[in-house]
Amino acid sequence: MKYFHLIWRNVFRKKLRTTLTASSIFLVLVLIVILTSLLQAMQSDPSGGKGANRLVVQHATGLGNFLPLSQRQRIEQIPGVVAVSPETWFGGVYKDDKPENWIGQLSADPEIYFDKIFDDAKIDPQVNAEWKATRNGFVAGQKIADKFHWKKGDHIILKGTYIPINADLVYIGPFQAGDESNIFFHNEYLNQSNWFGANKVTGLYYLKVDSGEDVPRVAAAIDRMFENSDAPTKTLTEKQFQLQFMEMMGNVKLLINGISLIILFAVTLIVANTVAMSARERVTEIAVMRTLGFRRGHILGFILSESVVMSLLGGILGVLLAKFVFIPALVALGNKTSISAWLVNFRVSGETLLMAFVISVGVGILAGFVPAIRSSQRRIVDGLRQVV
Amino acid sequence: MSSNLIEIDHVEKVYRRDQIEVPVLNDINLKVPEGEYVALMGPSGSGKTTLLNLIAGIDSPTRGRIVIGGREVGSMSQSELAAWRSSSIGFIFQLYNLLPVLDAFENVELPLLLTKLSKNERRKHVETALSIVGLSDRLDHYPRQLSGGQEQRVAIARAIVSDPKILVADEPTGDLDAKSAEEILDLLKRLNKEFGKTIVMVTHDPRAASRAHRMVHLDKGVLHAEELTESGTMRQL
């Protein structure tokens with residue numbers, strides 16, 4: 001610690017240069033923390049692991065094809081299955097096409113939905129009971145309900161797109177869950193409409209099984225049961241089901257990691273250049289210090305420490321601003337758009353903080369290594385001769 | 001007569017530039033007793049600074065032996081040399097070479113950071129050194145806030161703060177006006193007389209050299225002549 005003031009003074013020897021270099025690290029860390037946190041949010045489980053006993057059954061060819069409702073009874077008979085709810089993505093337009101008016105709209109079976117399948121979600125028993133009793137009623141995630149300031153009894157019209165009916169629904173009340181970007185209404189509302197699929201098909205089945213150990217067996221049993229039927233199935237865990245939406249965007253993870261590596265490499269070169277310039281300017285000073293008795297190891301340590309301190313300064317500032325300013329701002333913006341469901345877990349995790357710290361120190365060490373070695377190895381008389 | 005603190009025995013120094021060998025010092029023999037003040041004189045390129053660097057242990061001879069305080073400098077490892085320099089040698093440069101990012105106190109404290117002294121002990125040593133050079137009121141001044149003479153006095157304080165037996169000075173007045181140069185020479189004389197420091201000083205200036213006990217003349221790497229100054233004669237008497 002007795003050397004820290006010397007290291008600190010040398011870091012700020014040229015204030016503008018240090019500020020600019022630290023700013024480049026700051027920007028890179030902001031970008032990396034945001035991208036990494038976004039990637040983690042997109043890959044995270046909104047239920048926080050509580051959905052481990054839930055399975056989603058979809059058509060084997062993809063979400064674009066429906067499944068016959070007749071499959072429900074057969075799935076319910078598989079040992080270990082607790083409850084099965086058909087669920088259909090309605091995809092209607094609320095108010096207009098503006099992204100801020102996007103809502104996830106799903107039909108479900110109210111008799112079992114919050115009682116047996118999403119029992120980790122919180123819903124007022126009175127609201128749940130009223131929803132069950134109201135065929136055109138809907139419940140909404142708290143976030144969506146707050147966003148549109150819905151009050152009990154409010155009517156909303158959802159203009160159908162690929163299901164060509166207009167849904168006129170009545171707001172019953174909110175529920176609280178990891179993902180609060182959806183509303184749920186009765187399957188019966190669709191079944192009693194004049195839609196061609198009414199009482200015949202569903203988009204998918206959401207089901208709950210007894211325990212996590214039963215999940216692989218039940219999933220395999222369902223797919224085996226329908227593999228030679230007109231509607232073969234693909235059964236996924238809840239997390240796998242959510243991840244497939246990310247896969248639709250291509251290999252986002254590879255892209256994000258690739259971009260991060262390239263910018264890290266670039267910033268390492270920038271810091272290395274700054275450290276090298278600073279060391280070159282101090283050739284004589286370093287020789288003088290060695291004349292006074294400082295060893296090569298001291299010089300190596302000083303230059304490396306200066307590089308790490310500069311890198312950490314930018315890094316810490318970047319992480320703090322990303323965590324407390326940029327990510328909250330992005331979440332606030334994103335909540336107004338159709339990606340709000342993916343922003344549920346958009347926050348800086350402890351893992352990301354550790355990664356940012358390691359990156360900052362790593363950039364500092366990598367950037368400072370060559371200048372530090374060169375400075376420490378230079379002969380004292382050569383260093384003194386630079387000015388004399 | 002005091003024992004020899006510095007013994008230079010048949011020392012040669014050859015620099016190699018590309019494939020060419022450039023002899024800088026040739027068969028130098030010199031003995032400096034403890035407490036002596038020696039001025040190394042000679043034209044540019046005569047090898048004065050090289051000889052000073054060899055005595056200070058920041059360069060090594062190509063041939064020959066340098067024994068300082070009973071220890072052969074050439075047999076020490078880099079690490080041992082660094083430790084030896086910090087405790088035994090005080091170096092004074094022509095251009096002062098203070099660290100611009102540190103104030104006077106911190107510059108003088110720098111060699112003490114290598115010791116096991118506590119912060120309070122370091123403070124006492126630094127304040128003593130700065131009071132010897134007459135700069136007790138400039139502790140928090142940065143080099144840019146000091147005159148050339150004051151900077152050199154801070155550099156001298158830095159050289160004496162760890163109480164080394166030997167001070168080596170490379171043209172210590174070469175960058176100073178006449179008045180400041182006189183003050184620095186007075187200070188060096190005082191360090192020699194009152195504190196018993198053995199001083200080896202490189203200088204071009206005969207007036208500066210006359211303050212020493214002995215003048216040693218180098219030319220083209222060869223030690224040509226030695227002469228006692230007035231104070232040297234007095235010292236011998």
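Across all chains, a search of the whole structure turns up 31 salt bridges. The model you have in front of you is predicted, so treat what follows as a guided tour of computed features. We will start with one of those ion pairs, cross over to the contact of chain B with chain A, and finish inside chain A, where residues line the largest cavity.

**A salt bridge within chain B**

- B:R214 and B:E36 form a salt bridge, and their closest N and O atoms are 2.7 Å apart.
- B:R214 sits in strand β9 (residues 214-219) of chain B, while B:E36 belongs to the loop between β2 (20-33) and β3 (37-41), so this pair ties together parts that lie 178 residues apart in sequence.

**Where chain B meets chain A**

- The size of an interface is often expressed as the accessible area lost when the parts come together.
- Here, chain B and chain A bury about 2400 Å² between them, with 64% of it on carbon and sulfur atoms.
- On the chain B side, B:V101, B:L113 and B:L114 lose the most area to chain A, and together they account for 23% of what that side buries.
- In residues, the contact draws 27 from chain B and 25 from chain A.

**Polar and charged links across the interface**

- Two salt bridges are counted between chain B and chain A.
- A:R9 forms a salt bridge with B:E106, where the closest N and O atoms are 2.7 Å apart.
- Eight residue pairs are found in polar contact across the interface, with both residues at pLDDT 80 or more.
- Helix α2 (residues 78-88) of chain B provides the largest share of the side that touches chain A, namely five residues.
- By residue class, that side of chain B divides into 15 nonpolar, six polar and six charged residues.

**Enclosed space**

- Rolling a probe the size of a water molecule over the atoms reveals where empty space is left.
- Four cavities of 30 Å³ or more are counted in this model, and the largest cavity holds about 100 Å³ of space.
- The residues lining the largest cavity include A:N10, A:K14, A:R17, A:T274, A:I303, A:E306 and A:M310.
- Helices α1 (4-11), α2 (15-43), α10 (252-281) and α12 (296-334) of chain A each supply at least two residues of that lining.
- Among the contributors, α12(A) gives the most, with four residues.
- The lining of the largest cavity divides into four nonpolar, five polar and three charged residues.

Conventions:
Residues numbered from 1 in each chain as written. Chains lettered and ligands numbered in written order. Predicted model: local features only at pLDDT ≥ 70, side-chain atom pairs only at ≥ 80, totals over all residues. Heavy atoms only, no water. Contact = heavy atoms within 4.5 Å. Buried area = accessible area lost by both parts, 1.4 Å probe. Salt bridge = Lys/Arg side-chain N within 4 Å of Asp/Glu carboxyl O. Polar contact = N/O pair within 3.5 Å; in protein donor to acceptor, adjacent residues only side chain to side chain. Nonpolar A, V, L, I, M, F, W, Y, C, P; charged D, E, K, R; others polar. 1 Å grid on protein atoms, 1.4 Å probe; cavity = no way out; pocket = protein on both sides within 12 Å on 5 of 7 lines; lining within 4 Å. Points joined across faces, edges and corners; volume = space filled by probe spheres on them.
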